[in-house]
Amino acid sequence: MKKQHILSSLLAAGILFGISSCQKNSDLNVHSNPDAVTNEMMAENGTNPDEAAIAGSGENSDQSRNSKHFLYTESNSAAGNAILLFKIENNGSLEPAGSVATNGTGTGSPLGSQAAVVLDNEQDWLYAVNAGSNSISSFKVNNNGSLTFESATNSGGTTPVSLAVHGNLLYVLNRGSDNIHGFNIGAGGALSPIPGSGKALSGTAVDAPQISFTPNGDWIVVTEKATNKISTFKVRNNGSVQNGIFTYSVGQTPFGFAFGRGDYMIVSNAAGGTAGAGSATSYKTGNNGIPQAVNGARQNFQAAPCWVAVTKHGSFAFVTNTASNNISSYYVAPGGGIYLVEGSAATSDMGPLDIVVAENNYYVYVVNAGGHSITSYHRKLFGGLELMGSEPGLPMGTTGLATN
């Protein structure tokens, strides 16, 4: 009944875009007061640019540039890793567009990490981990979206699983050796190790799934599933980092994360995969680098929420629930608080992993480990998703998603 109440409220609220701002409630809870959450969303009076994209007046008009819009993932094959390319058609469907070898090897099974494949800020270069051969591959992104292999560089540790890029810096998370390592990005996408950039995580066997820069590039953040900690590293002027600061997470088994509006960090809490126990937490990372939870761990009542993606302007977050085979949606309020909109905004194929919002802010794509597929969705108002179709036949170990 409560879910139905939420959905009914959200749909009815579509006619309220013109109402005046209402007073914010600092402790909104969608399950105890769904109307308050609806009012919180509507208080933006139609100025939320993420909603404008859905209404047809936003970024989805950018589809005229579709010749450059591609989706990239990696096979992670132990026999030879490769980047798999898919052209994004005008209607959001995917068209297979070949593959390019990484000149490295994968593990043959999903990495359980976020950001195994990343683009640089200008979308001129693509980087991918080779978890089986402990290296990072660099590719030039051509004007037509195709890729040209440039080089493979030792990752500075074992079992690299996640990458982060900011400006001319790239950092890798090596899960096997529980460390991070930094590189300068030079001409031709070449990676040069940065002295003093190799730093240990909080311990051994911490099972870290993701690394990322904060949006301003001042800090590097790593989640640790086994320790329930979030590690932060101050970035020095020369690109190296200081020793880590290790903070306990608010929510069990912190996994994937993405930065929403106001640079708040939205982290999924897999809760050890316990059925119905999943949640997500919003954090503010200040000048001291210590993540501070905004409004606690907000439950989504699903199993194993793991990967996170946010809309282009950061007002909605989507979380894949690997053991529930669905996707949850959260509203990110202007003050950084997050509120569950739909515990199951859409179903997926078996074992949803990586998730990404397309550049036009309209389509959403998910890699599914059990279904060996990529499912496509288009966004609806107020955090909704509608399934469009599925691209089957992916290799068993496929992992990572990036799009331009």
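**Exercise 1. List the residues that K229 touches beyond four places in sequence, then classify K229 as buried or exposed.**

Solution.
Step 1. This is a predicted model. Find K229 in strand β15, which covers residues 229-234.
Step 2. Set aside residues up to four places away in sequence. K229 then touches S202, V222, T223, E224, F246, T247, Y248, S249 and P254.
Step 3. Check a pair by C-alpha distance. K229 and Q252 are 23 residues apart in sequence and 9.0 Å apart in space.
Step 4. Apply the cut-off: buried means under 20% relative accessible area. K229 has 18% relative accessibility, so K229 counts as buried.

**Exercise 2. Determine which side chain of opposite charge is nearest to D354, and describe the surroundings of D354.**

Solution.
Step 1. Place D354 in strand β25, residues 352-357.
Step 2. Look for a charged partner. D354 is buried yet has no salt bridge. The nearest side chain of opposite charge is R175, 11 Å away. A salt bridge needs a separation within 4 Å, so R175 does not qualify.
Step 3. Look for a polar partner. The side chains of D354 and W307 are joined by a polar contact of 3.3 Å.
Step 4. Collect the contacts, leaving aside neighbours within four places in sequence. W307 appears again, with S113, Q114, A115, Y365, V366, V367, T399, G400 and L401.

**Exercise 3. Identify the strands that supply at least two residues each to the largest nonpolar core, and follow one of its residues outward.**

Solution.
Step 1. Start with the members. The core has 33 residues; Y127, L170, I180, I220 and V222 touch the most other members.
Step 2. Assign strands. At least two residues each come from β5 (125-130), β8 (160-166), β9 (169-174), β10 (179-185), β13 (210-213) and β14 (219-224).
Step 3. Rank the suppliers. β9 gives the most, with 5 residues.
Step 4. Follow I180. Beyond four places in sequence, I180 is in contact with Y171, V172, L173, S197, G198, K199, L201, I211, I220, V222, F233 and V241.
Step 5. Look elsewhere. Another core, of 16 residues, lies apart from this one; its members include A304, I327, A346 and V364.
Step 6. Set this against the general trend: in soluble globular proteins, nonpolar side chains tend to be buried together.

**Exercise 4. Work out the accessibility class of S329 and list its contacts.**

Solution.
Step 1. S329 sits in strand β23, residues 326-332.
Step 2. The relative accessible area of S329 is 0%, so S329 is buried.
Step 3. Leave aside neighbours within four places in sequence. S329 is in contact with A317, F318, Y339, L340, V341, E342, A345 and G383.

**Exercise 5. Examine phi at T159 and at D207, and place each residue.**

Solution.
Step 1. Recall the background: most residues other than glycine have a negative phi.
Step 2. Take T159. Its phi is near 55°, a positive value. T159 lies in the loop between β7 (147-154) and β8. At 25% relative accessibility, T159 counts as partly exposed.
Step 3. Take D207. Phi is near 55° here, a positive value. D207 lies in the loop between β12 (199-200) and β13. At 30% relative accessibility, D207 counts as partly exposed.

**Exercise 6. Locate stretches where pLDDT stays under 50.**

Solution.
Step 1. Begin with the chain. Its average pLDDT is 88, and 85% of the residues score at least 70.
Step 2. Scan residues 1-32. pLDDT stays under 50 there, and the model has 49 contacts beyond four places in sequence for this stretch.
Step 3. Scan residues 57-66. pLDDT stays under 50 here too, with 24 contacts beyond four places in sequence.

Technical notes:
Residues are numbered from 1 along each chain as its sequence is written. This is a predicted model: local features need pLDDT of at least 70, side-chain atom pairs count only at pLDDT 80 or more; totals for chains, interfaces and linings use all residues. Side-chain values use heavy atoms; hydrogens and water are left out. Helices (H or I, at least four residues) and strands (E, at least two) are DSSP runs, numbered from the N terminus. Buried means under 20% relative accessible area, exposed over 50%, partly exposed in between (1.4 Å probe, protein chains only). Lys and Arg count as positive and Asp and Glu as negative; His and the chain ends are not counted. A polar contact is a pair of N or O atoms within 3.5 Å; within protein, one must be able to donate a hydrogen and the other to accept it, and residues adjacent in sequence count only if both atoms are side-chain atoms. Contact means heavy atoms within 4.5 Å. A nonpolar core is a set of buried Ala, Val, Leu, Ile, Met, Phe, Trp, Tyr and Cys residues joined through side-chain atoms within 4.5 Å. pLDDT is the predictor's confidence in each residue, from 0 to 100.
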